[in-house]
Amino acid sequence: MTSYYSRPVIPLLMALVCGIALGSKYPGYSLWAGGVILLCVGLLLFLVVRNQSANKLPLFLFLALGYLSLQPWAYPAFPPSHLIRYLDSQRWDIEGVIARRPVMVNNRQHCVLHVERIGRGHDSRSVVGKLRVTVVGNAPVLHPGDRILFTSRMRSLRNFNNPGGFDYKRYMSFQGIWATAYIQGRHITLLDRKAHRFWTDLIDNTRHRIARLIETTGQGSQVGVLKALVVGDRSAIAQHTRDGFNRAGVGHLLAISGLHIGIVATMAFLFLQRVLVNIKPLLWRAWTRKAAAVLALIPLWFYGFVSGFSPSTQRAVIMVSIFLMTFLVEREHDVINTIALAALLILVIFPPSVFSISFQLSFCAVLAIVFGFTCLTKGSNRNAEMNQNPVMRSIKNRLIDFLWVSIFAIGGTLPLVMFYFNQVSLVGLLANLLIVPLVGFTVVPLGLIAVFLSSFWLQCAGWCFTVCGAILKLCLKLIDVFAGFDLAAVKTFTPSVLEMGCYYLLVWAGLSLIAKDRTPPDGNAQRGAIVFDDAGQVENNAAITTRHKSISRVNGFFADALSYLKDQKTPLKRRQFIATVAVIVTIALVWNAGYWLYYRFWHQDLRVTVLDVGQGNAALLELPGGYTMLIDGGGFSDNSIFDLGARVVAPFLWRKKIKTVDTLILSHPNSDHLNGLIYLAENFNVQKMWTTSEAKNTVGYRELMEVVAKRDIALPNFRLLPRNQVIHGVKFNILYPSDNFLEKKPDEKWRDTNNNSMVIRISLGSISFLFPGDIMAEAENELVQSSHTNLASTVLLAPHHGSRSSSTTPFLERVAPQVVVISSGWKNSYRFPHPAVLQQYRQRGYQLFRTDTHGAINFITDGEHLSVKPFHSGDLHNAN
């Protein structure tokens with residue numbers, strides 16, 4: 001009986017990955033993990049001495065090792081002098097050394113600082129730790145190694161705490177960064193330039209020189225793209241160009257990673273093999289392939305360094321280097337084991353890589369290609385085509401292989417692309433077939449040749465870059481054509497882990513069932529040069545075939561199942577087992593679909609979620625029957641710096657399988673309520689929008705109105721909005737402002753946009769919610785004086801984020817809420833909520849929730865009972 005331990009790296013890798021995942025989810029148990037490691041090592045030694053099988057004991061060892069390896073990032077032991085001891089307090093004079101090259105984004109420099117000293121007046125303290133510094137405005141040109149001094153407040157990292165939200169704090173902790181600071185560029189003092197280091201300076205100067213040479217070849221978007229492809233500098237790529245690449249499904253080309261590294265390695269290997277075959281001593285000893293593989297490492301690593309050696313590039317270089325090194329092994333190597341070995345080495349070097357999008361996409365793409373080709377080639381018989389012209393047969397086979405590689409790569413990464421990017425390109429397959437060869441096999445190699453020539457023949461290097469620019473100009477035109485189709489790309493919901501697992505199991509089962517149980521007539525396996533990248537696009541230079549003996553061992557993710565299959569006596573039993581798995585998975589998917597249909601469309605309760613959008617407001621209403629509404633969308637003053645709609649609100653909706661927002665409600669046109677709605681109006685199926693019809697001369701308001709007009713979203717005048725209506729069983733009452741508030745505005749100066757906020761009361765049965773926007777004392781008094789207005793509500797969203805100018809005593813007495821929710825940013829510059837307002841809420845006995853401390857607050861009611869669940873608490877708090 002053949003065990004899956006014939007591929008020992010695969011189960012060890014999976015155990016290590018599971019341990020790392022556990023270490024992230026449940027940190028702080030290092031002693032227990034250490035105990036497990038000691039126990040496993042002791043038992044292994046004991047079994048080895050007694051010459052007994054260790055069985056699955058190494059799996060537990062690697063599980064514990066994976067857990068322990070992540071603890072320096074997930075649960076670090078900070079020294080007393082760490083800067084984390086001084087966060088969120090006073091302003092400090094901060095001195096430190098730039099750790100890496102600053103990145104320019106939207107006219108802001110982002111750099112990482114190794115802090116060495118902080119002080120205030122005569123108080124100076126030595127500290128350690130990394131600080132992410134954002135420099136706004138004009139600043140000195142900074143380089144790694146420069147020593148700078150500035151005054152700022154160090155702030156702890158915070159997440160937008162919504163279900164399924166991006167864990168920014170964890171992302172930064174994996175880089176060893178635990179705090180951030182903001183500073184105007186003119187307030188930075190450059191104390192000392194970096195000490196010269198030969199190799200570092202040589203690489204930096206080369207990259208800078210190449211970038212300047214590329215800029216002299218012309219103007220246009222192709223210049224920025226060429227810089228990204230050659231030296232890894234994407235700062236000059238305009239956002240509309242990035243959007244076009246993404247819609248066309250070729251956005252992966254802009255990030256130097258596995259695709260680029262693999263193509264360079266493949267072309268170098270093939271070229272060197274053709275050259276070395278003419279050297280007789282190497283040919284006689286059958287060393288041509290080995291020598292070519294070793295020499296191909298030179299351009300491979302050269303490209304890695306010239307391109308900036310980003311984390312994704314580092315992983316790709318390691319991955320391809322290990323694959324090339326397998327050529328040194330005399331016997332036939334196992335592709336899957338090679339891939340697993342590369343992943344294992346990467347995780348040993350840097351365990352947090354397992355959470356990297358590029359890491360996951362790269363290995364999923366390669367595994368999908370290897371497994372897919374294995375299944376297809378089991379029953380293929382290319383010898384039947386021997387009567388065809390050899391040249392035509394070769395071209396035909398290459399094109400077919402190219403097509404299948406793209407299909408397997410796209411299919412293998414589809415769930416991850418949906419999970420992380422919520423967008424799928426419908427033209428991606430065709431676009432990749434045209435664009436990838438032009439960029440990967442022409443622009444990138446020619447660009448590297450130009451880099452080499454630039455050292456001694458600058459004019460010829462310039463010609464090469466000019467040709468690259470011309471090719472890229474053609475590519476950009478093709479990309480514009482693809483991206484211009486209305487259905488070029490579609491936004492998708494976020495798949496769950498269960499859904500992704502079922503997808504991969506069905507793909508495995510389907511490919512396994514179509515694979516024929518016979519060996520190709522030639523009986524020989526061919527080694528294919530595989531090229532992979534971190535965005536799911538993969539090329540192969542030769543037809544990838546494999547021996548029949550490896551088919552049942554291909555998929556390391558299902559090692560136990562495959563081990564079972566190997567024990568079966570007949571192919572029929574194997575196929576029956578695979579079919580059974582497919583049936584079980586299909587049943588699971590049907591159950592999952594039923595769950596989401598009920599959750600989205602068949603429920604009869606009212607759900608209200610007040611989102612954590614920082615200093616702003618956003619609340620999702622899910623009415624019985626699946627009707628959805630969003631009251632405000634949060635937002636910062638400048639969407640180009642951070643778009644809350646795209647980064648926070650939209651991912652939350654996609655996670656809940658919401659792609660249609662029936663009604664958007666804008667309480668008033670201030671940026672902290674409006675700017676997040678722009679992205680939502682453009683990228684979701686929005687039927688109508690309610691506003692007070694009060695315009696504001698801001699970029700955000702104009703953009704929102706343009707989107708509303710372009711998308712043909714119904715926008716009724718405020719005067720025509722029904723003040724009382726029932727939608728899917730829920731009562732909506734627009735209580736404020738009055739119909740003629742705009743006519744009163746010139747004479748009553750207090751009627752600003754805050755006081756003109758739309759006030760809405762919604763109710764189901766005896767449970768009601770009041771959304772007062774940002775009204776202040778004057779508007780509250782006008783509401784209270786309206787005798788016909790029913791303000792009494794179970795839940796109150798605190799007016800104006802808990803400002804002292806709101807929450808007057810008469811207003812609170814009329815509303816008489818049981819629960820109050822304050823939507824505000826953590827330690828915001830306005831100091832909302834005001835301590836006096838908090839004290840008043842507590843004295844009145846309100847149950848109080850704050851988005852800055854509790855995260856998103858979710859309410860569910862059937863009209864009689866109300867349950868409240870804050871994001872930062874697993875307990876349900878009954879409000880009545």
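Of the 880 residues in the protein chain, 52% are buried, where buried means under 20% relative accessible area with a 1.4 Å probe, protein chains only. This is a predicted model, in which local features need pLDDT of at least 70 and side-chain atom pairs count only at pLDDT 80 or more, while totals for chains, interfaces and linings use all residues. Residues are numbered from 1 along each chain as its sequence is written, and side-chain values use heavy atoms, leaving out hydrogens and water.

Let's start with the whole chain. Its secondary structure comes to 28 helices and 28 strands (DSSP runs numbered from the N terminus, H or I of at least four residues for helices and E of at least two for strands). The C-alpha atoms of the protein chain fill a box of roughly 100 × 70 × 60 Å along the principal axes.

Now let's look at helix 12, residues 311-325. With 15 residues at 1.5 Å a residue, helix 12 should span 21 Å, and its end C-alpha atoms are indeed 21 Å apart (the expected span is 1.5 Å times one less than the number of residues). Because 12 of its 15 residues are buried, helix 12 is largely enclosed by the rest of the structure. Among these buried residues are Arg315, Ile318 and Phe323.

Arg315 leads us on to a loop. Its side chain is joined to that of Ser356 by a polar contact of 2.8 Å (a pair of N or O atoms within 3.5 Å; within protein, one must be able to donate a hydrogen and the other to accept it, and residues adjacent in sequence count only if both atoms are side-chain atoms). Ser356 lies in the loop between helix 13 (335-349) and helix 14 (357-378). Ser356 counts as buried because its relative accessibility is 16%.

Notes
Buried < 20%, exposed > 50% of the residue type's maximum accessible area, 1.4 Å probe, protein only.
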